[in-house]
Amino acid sequence: INKVNQVSDDYRYQDGGYGGYAPNDGYYQSGEEPAQEEDAQSDATEGHDEDDEVYEGEYQGIPHPDDLKKQKKKKAPEVADEFRDHADLMAEKMEDEEQLAHQYENIIEECGHGRFQWMLFTVLGLALMADGVEVFVVGFVLPSAEKDMCLSRSNKGMLGLIVYLGMMLGAIMWGGLADKLGRKKCLILSLSINASFAFLSSFVQGYGFFLFCRLISGFGIGGTLPIVFAYFSEFLSREKRGEHLSWLCMFWMIGALYASIMAWSIIPHYGWGFSMGTNYHFHSWRVFVVVCSLPCIASLVALKFMPESPRFLLEIGKHDEAWMILKQVHDTNMRAKGEPERVFTVTNIKTPKQIDEFIEIQCSTGTWYQRSFVRVTTTLKQVMDNVIYCLTAQYRMNTLFLAIVWFSMALSYYGLIVWFPDMIRYYQEEAYKSREKVFNGESVKDITFNFTLENQIHRNGTYFNDKFIKMKFRDVTFEDSVFEECYFEDVTSSETFFKNCTIIKTVFFNTDLYKHKFVECKFVNATFLEQKKGCHMDFERDNDFLVYLVGFLGSLSVLPGNIISALLMDKIGRIKMIGGSMLISAVCCFFLFFGNSESAMIGWQCLFCGTSIAAWNALDVITVELYPTHKRATAFGILNGLCKIGAIFGNAIFASFVGITKVVPILLASSALVAGGLLALRLPETRDQVLM
């Protein structure tokens, strides 16, 4: 059978009006179909062997330019686009986009929901899982990394915040690029950057380079949320969108659980590593960092087999590619349902008005770096135009309300997520100090110590001709004591100090008792020989299993909230979900006043996380639905970047009140949640909208 391309007038929307979206005889048609072609269409569907036959469901392709010229000769001349007013062109483009939105909804419904969506769900879920891992990985490795790298308190704080800073920059940049270069391409690039620098960070030894690697790693993973939700939503029909985007959010929880389990399984095994000389050490926490990059690598590999979003391709005028992908979705789902004979009946898809944009100059005359510079600057300009577009009159109020809700949610959530383990650690320290032993006026002579001293205070003691060999001091303080003709060898210490002591004819050999550990002490003929280099501190207490248990339980507690939000998202709507979840979470904050023990704080943390997750899921869904295709990832990136700013403020503010007062963190978190929840009720409901 010879099949030839026939050009249907349906495709030439620029030559006539658009008559509707309902399928007719297997086609999405306009009202301009000539009456005399009805019999020909009927014959095509009956399977007659004719030379000019076109099967039902066969894509007609883009009309040949010569055919267009012949058609235009028969019609009245039209004004060329370059002579038309820009406002008229934009109005026509918006009308086309609205028509395409409704037609695309019908096409996705015809494609069905099945195997293809579930495959994409898994692939994008792995990318979202990598984002969840990235948030927790630094917190788990910090107690061990601070000893390998001798980190000060300020250095530890910077390492905790640098990931959020990278994610903030990445969300804005990758979200904007995804609306210009494509969802799949940008997601692959962002995940590649994350995987490369996360893997590299496990091998670097210096603090500065490690900090840089985590910054770039965060920059890469920052693009995950904006792209993943925009990408997946464009393969979902209206009735499935809210529920399945909520199910997708569960992978963030799975990522947090994965990080907790791997940390619990790997980091305490300090011997899982190797050393090369005295300067290079690869300890167990570095193995953990490598393992945490696996979800990102798995998603990266699987993405190679996934197609680009057809909705994005239609937006930039690539109709043939979009049709082929939609047919692939349809055929994959129909084969999985046992209906391979079902034909994809779409032949023509509405074409939005393409307004020419300045792309680049010097394509053939300039040098390669000049052309590259123009491409980059032009793309960045287009990204900035998209950012500004989100603040235009049409979207200004929605963007402002969403920005406040995202920020208030992040401020309270990420602030409390850091505050909970800090408070648990504070209660642990208080309980530890309550068991402190105090020794007064002891006199020790000609004794050799070769064991561990822990959690002790020695006041007004006298030590003469004593030897301290291969000892560990942990939280030991000597006050107003005298050490005469003593000998310290191969001693390591943690939180150990000598205050107002007198050191006479004493030798310190191969110890880490540095000058700063002697506070207002008097030295008489004391000698320090071959002091230890690096941080020689004990790891056992800091890597207590409770640290990982808290992370695991806090992540697991969101499971019920995830399930409830997925099942009710399309029933009660996005707005009620956000407002209700945030207000309930605010009430839960007040119960924190009764958290005066480790177990109580763990319980209230689980309750807070479980009630707040529904608001996060609904925020993701409504952000996707409020913006058109060519601005969707950009808007999501801006708001998610603002969310990371809220996380940085929350971490800094809440951590500063640990051990001082609980009133400020609790009131700040609950006030932010109430304000954000009430403001969310002013947003428009998007449950019944098609994706523009």
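How many bridges join E7 to strand E10 (residues 467-469)? Keep that one in mind; Exercise 1 works it out.

Before you start: this is a predicted model, where local features need pLDDT of at least 70 and side-chain atom pairs count only at pLDDT 80 or more, while totals for chains, interfaces and linings use all residues. Residues are numbered from 1 along each chain as its sequence is written, and side-chain values use heavy atoms, with hydrogens and water left out.

**Exercise 1. Place E7 in its sheet and find its partner.**

Step 1: get the terms straight. Strands (E, at least two residues) and helices (H or I, at least four) are DSSP runs numbered from the N terminus. Two strands pair if DSSP finds at least two bridges between them.

Step 2: count. E7 and E10 are joined by two bridges and run parallel. Phe 449 has Phe 468 of E10 as its bridge partner.

Step 3: zoom out. The open sheet holds five strands in the order E7-E10-E13-E17-E20, paired in parallel. Strand E7 (448-449) and strand E20 (527-529) are the edges, each with a single partner strand, so one side of each lacks a neighbour in the sheet.

**Exercise 2. Work out the order and edges of the sheet that contains E12.**

Step 1: read off the order. It's an open sheet of five strands, E6-E9-E12-E16-E19, with parallel pairing.

Step 2: find the edges. Strand E6 (443-445) and strand E19 (522-524) each have a single partner strand, so each has one side without a neighbour in the sheet.

Step 3: check the twist. From one strand to the next it averages 5 degrees.

Step 4: look at one pair. Strand E12 (residues 482-484) runs parallel to strand E16 (residues 502-504), with three bridges between them. Here Phe 483 sits opposite Ile 503.

**Exercise 3. Decide how enclosed strand E11 is, and list strands that pair with it.**

Step 1: buried means under 20% relative accessible area, exposed over 50%, and partly exposed in between (1.4 Å probe, protein chains only). Seven of the eight residues of E11 (residues 472-479) are buried, so the rest of the structure largely encloses this strand.

Step 2: go through the partners, including these:

- Strand E8 (residues 452-459) runs parallel to E11 over seven bridges, and Arg 459 has Glu 479 as its bridge partner.
- Strand E14 (residues 492-494) is joined to E11 by three bridges, also in parallel, with Arg 474 opposite Ser 494.
- Strand E15 (residues 497-499) pairs with E11 in the parallel sense over three bridges, and Lys 499 is the bridge partner of Glu 479.

**Exercise 4. Describe how helices H18 and H21 pack.**

Step 1: take the geometry. H18 (residues 574-590) and H21 (residues 663-680) pack at an angle of about 160 degrees, with their axes 8 Å apart. Axes are lines fitted to C-alpha atoms, for helices over the stretch in contact, and angles run from 0 to 180 degrees between N-to-C directions.

Step 2: classify it. Angles over 145 degrees count as roughly antiparallel, and H18 and H21 are therefore roughly antiparallel to each other.

Step 3: name the contact residues (contact means heavy atoms within 4.5 Å). Among them are Ile 575, Met 582 and Phe 590 of H18, and Ile 666, Leu 673 and Ala 680 of H21.

**Exercise 5. Compare the surroundings of Ser 557 and Ser 612.**

Step 1: locate them. Ser 557 is in the loop between helix H16 (545-556) and helix H17 (558-572). Ser 612 belongs to helix H19 (residues 598-626).

Step 2: check burial. Ser 557 counts as buried at 14% relative accessibility, and Ser 612 is buried at 0%.

Step 3: list neighbours, skipping residues up to four places away in sequence. Ser 557 touches Cys 606, Cys 609 and Gly 610. Ser 612 touches Met 409, Tyr 413, Ser 581 and Ser 585.

Step 4: look at the side chains. That of Ser 557 reaches the backbone oxygen of Cys 606 at 3.3 Å. For Ser 612, a polar side-chain atom lies 3.4 Å from the backbone oxygen of Cys 609.

**Exercise 6. Summarise the whole protein.**

Step 1: the protein has 21 helices and 20 strands.

Step 2: of its 692 residues, 52% count as buried.

Note on methods
Polar contact = N/O pair within 3.5 Å; in protein donor to acceptor, adjacent residues only side chain to side chain. Parallel < 35°, antiparallel > 145°, perpendicular 65-115°, else oblique.
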